[in-house]
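I set out to look up two things here, the backbone of a loop and the contacts between aromatic rings. My notes follow in the order in which I took them.

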Amino acid sequence: EPPPAIATTGALEAAAEAGDSAARAALSVRLTKASFGQMEVLGQFNNGFIVTRLGPDLFVVDQHAADEKANFERLGASAVVSSQRLVAPLPLELAPAEQAAIREHLDA
């Protein structure tokens with residue numbers, strides 16, 4: 001599955017909506033994992049975003065989103081999912097006062 005296109009706004013977006021093929025191509029850049037390794041870090045702002053350059057293009061990378069993606073992929077690669085048969089429910093016998101207390105707290 002290819003990575004999502006990079007979202008941008010402004011003059012390029014307006015040109016793409018008008019049908020400018022060069023602008024449309026610029027807006028549909030797709031990055032691979034290898035692309036991130038080739039990026040030159042220019043700086044950080046707002047304690048959560050990294051400004052990078054890849055060739056002539058500038059990118060803003062959300063550090064939190066990038067970390068979540070990396071953790072998700074690492075967990076997906078190493079996690080073993082096992083299944084378990086459902087256990088038959090046991091009947092629960094409650095006194096009328098206990099039933100009333102549970103009903104009172106159902107919406108809480």
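I placed Asn47 in the loop between β1 and β2, working throughout from a predicted model. I then looked up its backbone and found that the phi of Asn47 is near 50°, a positive value in a residue other than glycine. I noted this because most residues other than glycine have a negative phi. For the surroundings of Asn47 I took the relative accessibility, which is 75%, so that the residue counts as exposed, the cut-off being over 50%.

I turned next to Asn46, which also lies in the loop between β1 (40-45) and β2 (49-54). Asn46 is not a glycine, yet it has a positive phi of about 55°. Its relative accessibility is 61%, and I therefore entered Asn46 as exposed.

I then asked how many aromatic pairs a search of the whole structure finds. The search returned 1 aromatic pair. The partners are Phe45 and Phe49, whose ring centres are 5.4 Å apart and whose planes stand at 20°, so I recorded the pair as stacked; the step rests on the rule that planes under 30 degrees apart count as stacked. By residue number, β1 spans 40-45 and β2 spans 49-54, and I kept these ranges beside the entry for the two rings.

Last, I checked whether the partners are buried or exposed, and found Phe45 to be partly exposed, with a relative accessible area of 39%. Phe49 has a relative accessible area of 26% and is likewise entered as partly exposed, because buried means under 20%.

Terms used: Residues are numbered from 1 along each chain as its sequence is written. This is a predicted model: local features need pLDDT of at least 70, side-chain atom pairs count only at pLDDT 80 or more; totals for chains, interfaces and linings use all residues. Side-chain values use heavy atoms; hydrogens and water are left out. Rings of Phe, Tyr and Trp (its six-membered ring) pair if their centres lie within 6.5 Å; planes under 30 degrees apart count as stacked, over 60 as edge-to-face and the rest as tilted. Buried means under 20% relative accessible area, exposed over 50%, partly exposed in between (1.4 Å probe, protein chains only). Helices (H or I, at least four residues) and strands (E, at least two) are DSSP runs, numbered from the N terminus.
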